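Trainee: Before we begin, I should like to see the model and then ask how its descriptive terms are justified.
Mentor: Certainly; here it is.

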Amino acid sequence: MGEILVNSLMGIFQFNNLIFMILGVFLGFIFGSLPGLTATMGVALLLPITFGMEPTTAILFLLGVYCAGTYGGSASAILINTPGTPASAATVLDGYALAEKGEAAVALRMALLASVGGGIFSALALLFIAPQLSKFALNFGPPEFFALALFGLTMILSVSSNNLRKGIIMGISGVFISTIGLDPISGLPRFSFDNTNLTGGIDLIPALIGLFAISEIIKKSQTAHLTEDNDISNINKVVASFKSLFNKYKKTILKSSAIGTFIGAIPGTGPAIASFISYNEARRSSKNKEEFGKGSLDGVAASEAGNNGVTGATLIPLLTLGIPGDTVTAVLLGALMLQGLAPGPQLFVNYTDMIYTIMLGLIFVNIIMWIQGSFLTKYFAKIKSVPINVLLPILLVLCFIGSFAVNNTTFDVRVMLVFGLIGYIMPKFGFPVTPMLLGIVLGPIAETSFRQSMAISDGSWLIFVTNPIALVFILLATLSILIPFIKPYVVKFKKSLS
């Protein structure tokens with residue numbers, strides 16, 4: 001084992017491998033930070049470049065794009081209220097609020113620290129406990145996926161604390177929107193109104209850009225003509241060091257990294273779910289729940305550690321079982337096949353040195369991401385000092401390009417504009433947009449898994465009780481729903497005793 005690790009380390013420090021890891025991380029930052037250009041798109045578009053490369057170099061290059069792309073979305077989420085990728089949707093909740101307070105620099109530092117922490121945590125899990133995690137992940141079937149999605153949907157209560165009823169309405173609306181398109185079981189069109197564009201459903205990216213970016217652009221454009229001090233995040237301000245941030249928020253980072261790794265090891269989940277569940281757990285266990293959504297560094301740390309904790313974990317079912325953990329690893333599966341490598345147990349037997357080089361390389365990819373991110377955040381934060389009347393047209397163009405690039409259709413651009421109006425109008429009447437986003441993200445998983453479970457059990461609901469993992473998640477979901485209603489009575493009872 002020691003000899004294998006030495007050979008793997010020597011492989012990582014080969015000139016080609018280092019250069020392409022550095023290049024992959026840099027390109028990942030670009031794809032992640034631009035709205036609509038996701039990590040998945042980055043890996044897919046750059047896959048042809050790897051045709052003539054050595055297998056190790058090719059995979060390390062694509063892993064650099066994957067990890068940095070997942071983190072890169074936090075920059076636009078914090079600075080312009082637009083998640084660059086769905087994985088950073090939960091980062092918006094507190095990241096942008098911090099930027100508006102003039103704390104963009106510290107929010108970006110927190111995002112980088114948590115992202116690298118989550119990435120390294122999951123890389124170590126891949127290196128040391130991959131077989132055990134992959135065996136556990138195989139226990140997840142439709143009942144477990146439904147219970148997990150149900151637990152994720154309970155976050156609607158957390159982000160709707162100001163008006164629970166309106167938050168639930170928006171959440172249900174999001175789930176309804178997710179049902180537009182082809183029925184996942186029968187394949188028949190639903191709510192498409194004979195519109196061929198709608199048969200493909202509502203894509204998450206245009207909806208995301210519309211709800212957060214376009215709505216914010218409309219809001220800001222109303223005061224863009226006014227003179228205002230827009231230099232609220234001067235990078236020269238004294239901000240907390242990485243060491244002090246880690247010491248203060250290490251519990252959140254470690255816990256969210258573990259959640260992200262657990263979620264990532266389950267095929268078919270992904271970083272968006274891990275991000276929201278990590279955020280919800282951080283808020284639940286926090287002593288300062290009221291700060292979440294108003295500019296909490298705990299919220300940024302939880303979201304970013306959770307979504308980057310997925311990056312290494314998704315490789316666990318891919319490398320050990322040949323099953324892609326999410327859409328990015330599905331592309332990576334194609335990359336391995338192009339190199340003549342068949343993922344699965346035999347991969348560890350026939351290409352031991354190469355596999356360990358890739359697993360150790362994932363740790364170095366995160367270290368490179370740390371170095372590049374530390375340098376780039378200085379320039380990212382300066383976006384907030386650009387005059388608003390100059391920044392808005394640039395952002396609008398990027399939003400149009402990002403939405404169009406998803407499927408290369410103007411229909412997605414129109415979808416973005418519709419959701420932009422929803423994101424602008426509904427909060428004026430007290431309806432939060434985040435529950436709608438949660439419904440769109442988790443709705444398809446919940447519906448498909450529920451219907452598959454009912455088909456397996458011949459319509460018996462007992463399938464959710466007889467599966468221990470599903471039962472645990474359902475109990476957690478029930479507790480999450482009941483606690484907000486029970487808490488006022490508990491507080492009142494404690495006061496009466498004192």
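**Terms and their grounds**

Mentor: At 28% relative accessibility, Lys-255 counts as partly exposed. The model is predicted, so local features need pLDDT of at least 70 and side-chain atom pairs count only at pLDDT 80 or more, while totals for chains, interfaces and linings use all residues. Residues are numbered from 1 along each chain as its sequence is written, and side-chain values use heavy atoms, with hydrogens and water left out.

Trainee: Why is Lys-255 called partly exposed?

Mentor: Buried means under 20% relative accessible area, exposed means over 50%, and partly exposed lies in between, using a 1.4 Å probe and protein chains only. The value for Lys-255 is 28%, so this residue is partly exposed. By contrast, Glu-281 has 18% and is therefore buried.

Trainee: What makes Lys-255 and Glu-281 a salt bridge?

Mentor: The term requires a side-chain nitrogen of Lys or Arg within 4 Å of a carboxyl oxygen of Asp or Glu. In this pair the closest N and O atoms are 3.4 Å apart, so the criterion is met. Lys-255 lies in helix 11 (residues 242-264) and Glu-281 in helix 12 (residues 271-285), so the pair ties together parts that are 26 residues apart in sequence. Helices (H or I, at least four residues) and strands (E, at least two) are DSSP runs numbered from the N terminus.

Trainee: How many salt bridges does this rule give?

Mentor: The count is eight. One of them joins the side chains of Arg-451 and Asp-183, at 2.8 Å from N to O. This pair links distant parts of the chain, 268 residues apart: Arg-451 is in helix 20 (residues 434-456), and Asp-183 is in the loop between strand 1 (181-182) and strand 2 (189-190).

Trainee: Are Arg-451 and Asp-183 buried or partly exposed?

Mentor: Arg-451 has a relative accessible area of 29%, so it is partly exposed. Asp-183 has 9% and is therefore buried.

Trainee: What makes Arg-190 and Glu-447 a salt bridge?

Mentor: Their side chains meet at 2.5 Å, N to O. Arg-190 is in strand 2 and Glu-447 in helix 20, 257 residues apart. Arg-190, at 17%, counts as buried, as does Glu-447, at 16%. Salt bridges that share partners join Asp-183, Arg-190, Glu-447 and Arg-451 into one network.

Trainee: How do you know that the structure holds zero disulfides?

Mentor: A disulfide is a pair of cysteine sulfur atoms within 2.5 Å, and the structure holds zero such pairs. Among the cysteines, Cys-67 is buried at 0% relative accessibility, and Cys-399 is buried at 2%.

Trainee: What is meant by the largest nonpolar core?

Mentor: A nonpolar core is a set of buried Ala, Val, Leu, Ile, Met, Phe, Trp, Tyr and Cys residues joined through side-chain atoms within 4.5 Å. The largest one has 151 residues, of which Leu-63, Met-110 and Phe-419 touch the most other members. Leaving aside neighbours within four places in sequence, Met-110 is in contact (heavy atoms within 4.5 Å) with residues including Leu-245, Tyr-249 and Ile-253.

Trainee: Which residues of helix 3 are buried, and what covers them?

Mentor: In helix 3 (residues 39-46), the buried residues are Ala-39, Met-41, Gly-42, Val-43 and Leu-46. Their cover includes helix 2 (15-33), helix 4 (55-80), helix 15 (327-338) and helix 18 (388-407).
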